Every structure is written in C-alpha cells, then in structure tokens.
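Reader: I would like to go through this model and ask what stands behind each label. Please set the values against the cut-offs.

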Amino acid sequence: MSFDGLIKGLHHVTATVNDAQKDVDFYTKLLGQRLVKETVNFDNEKVYHFYYGNEIGSPSTIFTTFPYKDQGVRQGTIGTGQVYETVFSAPENSMEFWKSRLRNHGLKTTTETRFGKEFLLFEDPSGLKLSIVEDNSDDRNPVWTTDEIPIEQAIKGIHSVVLAVKDSGETIHFLNDFGYNIVENDAVCTLLESQEKGAGNSLIVLDGKDLSEGINGLGTVHHVAHRVDSIEDSIKIKQELESKYGIQVTEVKDRKYFKSIYFRIPGNVLFEVATSGPGFLVDESNEELGTSLKLPDWQEVRRQQIEKNLEPYER
Ligand code: ZN
C-alpha cells in the first residue's frame, strides 16, 4: 500500500454556510453538538469559523462551518467533485427519536436504505445535505448531551461522508491506495473504510454520472479532512501524492488546533490531511470550550477590529 496505513480515518468536514445564528442553533440545539471552538476563518477574518463536535471535539466528530452571509458568496450547487452528504452516527434504537425530533422542528425528512441500513435524510438551514444512521458499534467518547438529547440518542460524531464523482472507478482506485478499502457495493454507492473501520472512518462513493457538477458556495461542503498521527506522516503523504500521482499539494498550514495540507483527489473533491493533535484544549479548558472568540497569536493583535466586523449571535 503506497500510503502505508498513515491515514487513520476522518478528521473533520468543513462547509460554507449562510447565517451564523441559524447555523449555531441548528448544530448545537437541534442536533445537540457542542460548539467546541469559535474562531475566524484564518484566510478571511471577517467570517467566523465554528467547530462543532463531541465534548472535546475529538477528531472524526468535528463538523465545521464558515457562515458567509452578506459576504458576496453565491448559493452553491451540490454535485460531483464534492462531499455530497455528511452522515452523522447515532446509537441503536434512536432513529424514531430523530425522525420525530426533526419533523417536530419543521424539517422535511426522507429515508433511504443503503447497505441494508436506514439513513434519515434532511437538510440544514443553508441547504447542506445531512443524514443520520444508527451504528451500534460506534464506541466514540465522550458523547455530548443536552437537556433535550439524552445519551441514549445523542449523535456520536460523523459516521461517513458521501463523495459524488463522475468516474467512481477512478476515485475508488485512488482511495484504495490512500487508505480506504472497499467493504460493500450497492446500486450506485460503494462503502469504503480505513483500517480503523466503522463510524468516523468510512467513505461512501456515489457514482454521479447523472448529477451536475458541484459549484462551491453557500450550502456546500468545502472539504473533508482525514486524520494522521503526526506532521511527519502528512509530509510523507504529500511526497507520495506529488511523486506518484502528480497531485499538487499545498504547503503545511498551521490551523492552531491541527496542522494541514490540502489537495484535490481524482474526481476533484478537495481533501485535507490534518494531524489529530494538538486539539481544542490548547487555548481553553474543557469547561470554557466554545464560549469566547479565540484567535491565533498573529491575529490577536487586531482583535478589536476583528470583533467589530463580526455579527454577534447568541449561543
Ligand atoms: Zn479543514
């Protein structure tokens, strides 16, 4: 295997969304995720960067958003070359709870059977495609709970992402090398897992021959990140991608809570490889996570100006 098992599984999913308040309400109140970090987009300090996850934002539980409302970003189109859908993992026997909870909050839901399992499909306020699937083998901890969502029903993190591509054969071939092995095929979907298997370590490749090409914008996923143990592993991956596949890879970027490289895979989906550490406790205690705006040192000097440009919202 050319990447030698360096990829452990998923790290996070990052989406471009619309309104900050609606985003926070949806992911924390309705889905019961914890806002583990409030910061800004390191490449555009006028825009928040919200990180949602389990109690401490463990890698593979993290869903992050850039709320770009009123920043001149168009509504995107979900299609090929993108993460088409993000799947969240919920405990066994929680599906009825989620069906009624989402419907009671006015969401349109549908169900679809894939690989013998029922997926509950819905959209977030920006139009992102999301789903929930039960997985009784998901033992990720510590789970975050709320007054309305007890541990028996609480989402445990990201289960998998659906990648839509024009030529699924080409993409699957690459993913096999990259560290995800084929588990199962059904009509238009192929399930793959990293060596660590199961929830948080799975990809679904959707054959998107009949779909239009995705266009980045509000309501689309920007990229999916995969976790590695160390930055040395990321550099090995970068070298392998460049020399063997001729794929252009960015320099290492310091995202404060992890270090990252970015590249497009065959099929055009934007991937990130991120280190599992140091994590979200580097600048806040567990109790404080997500309760105030955190900035990297190089932006801290402009805090007043940055705060002035951000629209306030209520947690
Ligand atoms: Zn990312």
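Author: Lys308 is a place to begin, in helix α6, which covers residues 303-309. Note that the model is predicted.

Reader: Why is Lys308 called exposed?

Author: The relative accessibility of Lys308 is 66%. Exposed means over 50%, so Lys308 counts as exposed.

Reader: Where does Lys308 stand with respect to Lys46?

Author: Their C-alpha atoms are 9.2 Å apart in space, and 262 residues separate the two in sequence.

Reader: What makes His12, His223 and Glu272 donors of the zinc ion?

Author: His12 and His223 each coordinate the zinc ion through NE2, and Glu272 does so through OE, at 1.9 to 2.0 Å. The cut-off for a donor to this metal is 2.8 Å, so these three residues count as coordinating the zinc ion. Water is not among the atoms, so a site may look incomplete.

Reader: What spacing do the donors follow along the chain?

Author: The pattern of the zinc donors is H-x210-H-x48-E. His223 belongs to strand β13 (residues 220-228) and Glu272 to strand β16 (residues 270-275), so this pair ties together parts 49 residues apart in sequence.

Reader: Are His223 and Glu272 buried or exposed, and how do you know?

Author: His223 has a relative accessible area of 5%, and Glu272 has a relative accessibility of 0%. Buried means under 20%, so His223 is buried and Glu272 is buried.

Reader: What makes Ser60, in the loop between β3 (44-53) and β4 (62-67), a buried residue?

Author: The relative accessibility of Ser60 is 4%. The limit for buried is under 20%, so Ser60 counts as buried.

Reader: Which residues does Ser60 touch?

Author: Setting aside residues up to four places away in sequence, Ser60 touches Leu10, His11, Arg140, Gly157, Ile158, Gly200 and Arg227. Contact here means heavy atoms within 4.5 Å.

Reader: Why are α3 and α4 called oblique to each other?

Author: The axes of α3 (residues 168-178) and α4 (residues 231-245) cross at roughly 140 degrees and come within 12 Å. Roughly antiparallel requires over 145 degrees, and roughly perpendicular covers 65 to 115. The crossing angle is in neither range, and α3 and α4 are therefore oblique. Their crossing is right-handed.

Reader: Which residues of α3 and α4 meet?

Author: From α3 come Phe174, Asp177 and Phe178, and from α4 come Ile237, Leu241, Lys244 and Tyr245. Of the residues in this contact of α3 with α4, 5 are nonpolar, 2 are charged and none is polar.

Reader: How do you know that Met95 in helix α2 is buried?

Author: Met95 has a relative accessible area of 4%. Buried means under 20%, so Met95 is buried. Apart from neighbours within four places in sequence, Met95 is in contact with Glu118, Leu120, Ile132, Val133 and Glu134. Gly76 is 19 residues from Met95 in sequence, yet their C-alpha atoms are 30 Å apart.

Reader: Which residues of α2 are buried, and what do they pack against?

Author: The buried residues of α2 are Met95, Trp98, Lys99, Arg101 and Leu102. They pack against α1 (20-30) and the strands β5 (82-90), β6 (110-114), β7 (117-123) and β8 (129-134). After α2 comes Gly106, with a positive phi near 85 degrees.

Reader: Which residues other than glycine have a positive phi?

Author: Among them are Asp70, with phi near 60 degrees, and Phe115, with phi of about 50 degrees. Asp70 is in the loop between β4 and β5, whereas Phe115 is in the loop between β6 and β7.

Reader: Is each of Asp70 and Phe115 buried or exposed?

Author: Asp70 has a relative accessibility of 66%, and exposed means over 50%, so Asp70 counts as exposed. For Phe115 the value is 14%, and buried means under 20%, so Phe115 counts as buried.

Reader: Where are cis peptide bonds found?

Author: One joins Asn141 and Pro142, with omega about -5 degrees, and another joins Gly277 and Pro278, with omega about 5 degrees. Pro142 lies in the loop between β8 and β9 (157-165). Pro278 is in the loop between β16 and α5 (297-300).

Conventions. Residues numbered from 1 in each chain as written. Predicted model: local features only at pLDDT ≥ 70, side-chain atom pairs only at ≥ 80, totals over all residues. Heavy atoms only, no water. Donors = N, O, S within 2.8 Å, 3.2 Å for Na, K, Ca; no water. Helix = DSSP H or I, 4+ residues; strand = E, 2+ residues; numbered from the N terminus. Buried < 20%, exposed > 50% of the residue type's maximum accessible area, 1.4 Å probe, protein only. Axes fitted to C-alpha atoms, helices over the stretch in contact; angles between N-to-C directions. Parallel < 35°, antiparallel > 145°, perpendicular 65-115°, else oblique. Left-handed = near helix turned anticlockwise from the far one by under 90°. Nonpolar A, V, L, I, M, F, W, Y, C, P; charged D, E, K, R; others polar.
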